Amino acid sequence: MAEKSAASGFNRREFLMGLAAVGGAGALGAGTWGVLEAMVPQGIAATWHKGVCRYCGNGCGVLIGMRDKKVVAIRGDFKATNKGFICIKGALLNALNTAGYGGNGEGRALTPKIRDKKTGTVREASWEEAMSLVAERFRAAITKNKDAVAFYGSGQLLTEETYTANKLFKGGIRTNNVDGNPRLCMASAAVGYTQVFGKDEPMGCYEDMDKAEVFFITGANMAIAHQPSFERIKLARQANPKSKIIVVDPRRCETAEYADIHLHIRPGYDLMLLNSMAHVVLNDNLVDRAFVDAHCKFVRMVPDVNEDGSPKMTPQGQPAMKEVSLSMDEYRGLLDPYAPEVVAERIGIAPEQIREVAHLFAKSKGTISCWTMGINQSSRGTATNNMLSAMHLLTGQICKPGATPLSMTGQPNACGGVRDCGALSHLLPHGRLVMNEKHRAEVERLWDLEPGTITPALGKHTIAMYRAMEAGEIECLLVMCTNPAQSLPAGERYRRAMEKAFLVVAEAFEDSETAKLADVILPAALWIEKEGVMGQTERRYQLVEKLLEPPGEARSDLQILVDLAERLDEAGVLSKTQSGAALISAKTPREVWNEVRRMSAQENSVYNYEGMTWERMQKEHGIQWPCPSPEHPASGGKEHPGTARRYMKGDPMMSDPTQDIEFYGQPDKRAKIWFRPWSNLPQEPSEKFPIILTTGRILEQWHTGTMTQRMPELKAASPYPATIEINIQDAHAMNVKDGDMVIVESQFGQVQGPAKLSTGPRKGVCFAAFYDPGMFINAVVSDAFDPFSFEPEFKVTAVSLKPADGSVVPRS
Amino acid sequence: MTTTKLIFTFVGFVALPLGAMALASYQVFEGVKEVEACGSCHVMQSKVFDMKSLDAEGNPLPVQDEECKRGGECKAVKLLDKDGKTVKLRDRNGKVVKDKDDQDVEVEMLVKSRSLAARHYSKGWIADKQCYNCHTDYSFAGSMKAKGDGFRHLARYITGRYEEPIVFRGYYDNNNCLKCHGETEKYLLVPSHHAIAEPLATSQTSCLNCHGPAHADHPIPLSYQE
């Protein structure tokens, strides 16, 4: 008989049943919870890893999603400098390491290959055989003449690789024939900054885009070439109705479509425009006099003369120039010929436009200039860079948040590995110069070499290097991670030069135009198949971690360089260290990075990034130098990984930290406001070549397309063959219709491509992108170069256009 | 038992409670579409604050430090007023700057949060139920998966088995974006959208890659390794 509880009215049986029911319900709930936890979709990736985009110098942080040892997803890194924004190329990076061999079985270099010169065919070889051949050919050439060999690298190599190549060639082989793609890209910006501030690399940062009110974008199609940064500019523009985007471009490009003001100038006339803007600033009382008096000086170059008044000559037989200081009044007088009313017609715009833009530039609460190849790839590239900085200095639009001249970088690690580590023919690491005896002596001491080891003469810059190959002076060339056979100007000429030399190409893809000319192809690891440090536009270093094994027998470029160094050392053609240790003793990325960091902190460097330890790089989403110690976090009074802005309070390299501003790169701490007179363009329209050709990029393809053309989505979005964009009025005059094949011819060469009729380029201007090897536009492009930076003039070539026998190709 | 009694019993013990339960559930399901419902949970609060351009405490956001002089030190920052239309000038200690007549210095507000959520909100692109409009899988007509997630979150919330900051499991379905944007002329005129139509449709490539973070403190993937 069940006992009734007086208090509850339940008997024991009912009570127990109740308990069981509650317990059952609880168990059901908990069980459901457990099942649901197990059922939550884990997303596309099993693990996510911090990384850096492989492509341009915007240096976007990406999150790399992995599953089953494969990259399955890419996201923009919200914690990185790009704040989560990446472009379509970056968003499809997940297929990069499999496209070309896992994808369609073609293109990826998997084993070393050696070309039979007689038949032109390549055969597979072992690493031992290939490297023995390379070392023997280099040894033989070096034995005859140490300058008969050269290295041609790129801003796509990791910092450790570029540094090691530079040390091997300049310290070990004792040749300064070290150059690379940055000569075609950033050299004018680098020399421009150095001439003004005494040291290379921008002082500003991307954060300035959030704070600027006027965006002066010149010679840069940021909407497609630096899209994540341009998204940032668009957001800043939307947030502040007073802000203005000013775009200077001879083509109404994608960026110009967003502009408040588009100056549709004639190609190559940027320098004249900037001189005219400076004229307005000086004559309309827009100069920040207090800033200029405290921190700047006016300078120009004049012909140097001997004591007897005869012109002084350089050892090369050129008239020697010397720098002289000016007063502001003298400077204003020199700019008199550039009054807008005088020059506007030549520039191709109205004088009022020049005045309006100069006033906006000077009066805004913050003006940021962004530029790339439209300015740099010019025979006046350095001068134009100087004048851009001059505009900022004259108007005080510098060294404050939102105001800076910010040169956007083309290649991912040009601003880091190449410029910082000095892998150009005139440089040594961290802003030291080949020609400077003190700098050479310091580098020799740091590399443990006998005094006098480093050759004091300049090495050959890019164009001189390929011309020396043409003349047979350079016999062996090592090309790493770049594609000069498609990217050099006057391309056919330098392809023939490469065929004359013993060409070794370390490359991830064996079907690149350069690999097709190689005597030896060395299969290289790609992106996250190796580890190391990358720089980018705003002095930020970021770590790329290794997440995949290289396919086949591919090796990292660092491994290839270390192997070559060991073989050349064994062959007795490398200089010996004083201690007797191997010159290239750092053999892993971490060891090399530690050596680079230490060197950055020594006497003649102001690049100090010793505080960027490997552990810190693993942890943080990029660090900006200067960063002298691991504890260095503050910039401008705020917590910051490194230093956001240079030459102003918060920069640890300032000799007097109480100062607001100090241009410490110059001995007198004064930045130089240069006068750079206009000189006529090497290529102007003529009767034979009446049209000006200018070149550039498209959104979906990067550089010569070696990587991006393998992505089916990107390829589908790009026209193949690449098109020749022709102004609709010019096309009408030639009776050319959209899609007709046209021949573009210059004094350097010719190429055929389908016409794309457009109102984008000015009348008298045509445009072509250089990503397509099938439409080799660089064969037509001029190889005239800047006298200071030696950067070639890709942007202004006089050409003729004519229909190709009425043949029409279907639009892809 | 008479039929009347049976009906009363049925209505009283079955129909009414079930009806009330259904109505209450519907009310709850509908109620959670409101922004306030999302904001009432403190782990979601930051996202609502960001959408409304408020700071971490729900106060107005500082505006661009226009008063910053050379050297990067700001003598004053501007803070939004609660109405979201004007800003008050404050000194570095947060004290409101007064003009010569001892009135608060006010200027028009210029800068808001630039996250996608804040832009959709501040531009009035979505009239109401702003959270729900971009996260359409919950609510009464939502998927069973979302119901399951809701149950899971409730269990974790009640038992306190969660850590902050909360992290994101699974992935965001691009169709939440494409249902509004996918057919627009502006969308269709961008060649890249066609080039990556498939990875967009399967959410393998996120819309946020090119268009930026949805929230200022955008959740990071669970397995992300520092």
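These are questions and answers on the cores and one buried residue of a predicted model.

Residues are numbered from 1 along each chain as written, and chains are lettered from A in the order written. Local features need pLDDT of at least 70 and side-chain atom pairs pLDDT 80 or more, while totals for chains, interfaces and linings use all residues, and side-chain values use heavy atoms, without hydrogens and water.

Colleague: Which helix gives the most to the largest nonpolar core?

Modeller: A nonpolar core is a set of buried Ala, Val, Leu, Ile, Met, Phe, Trp, Tyr and Cys residues joined through side-chain atoms within 4.5 Å. The largest has 141 residues, and F197(A) and M277(A) are among those with the most contacts inside it. Helices are DSSP runs of H or I with at least four residues, numbered from the N terminus. With nine residues, the helix that gives the most to this core is α10 (residues 270-283) of chain A.

Colleague: How many residues does the other core have?

Modeller: The other core lies apart from the largest one. M734(A), V751(A), A755(A) and V780(A) are among its members. Its size is 51 residues.

Colleague: Is E620(A) buried or exposed?

Modeller: E620(A) sits in the loop between α24 (614-619) and β22 (623-624) of chain A, where a strand is a DSSP run of E with at least two residues. Leaving aside neighbours within four places in sequence, E620(A) is in contact (heavy atoms within 4.5 Å) with K50(A) and P641(A). Buried means under 20% relative accessible area, exposed over 50% and partly exposed in between, with a 1.4 Å probe and protein chains only. The relative accessible area of E620(A) is 19%, so E620(A) is buried.
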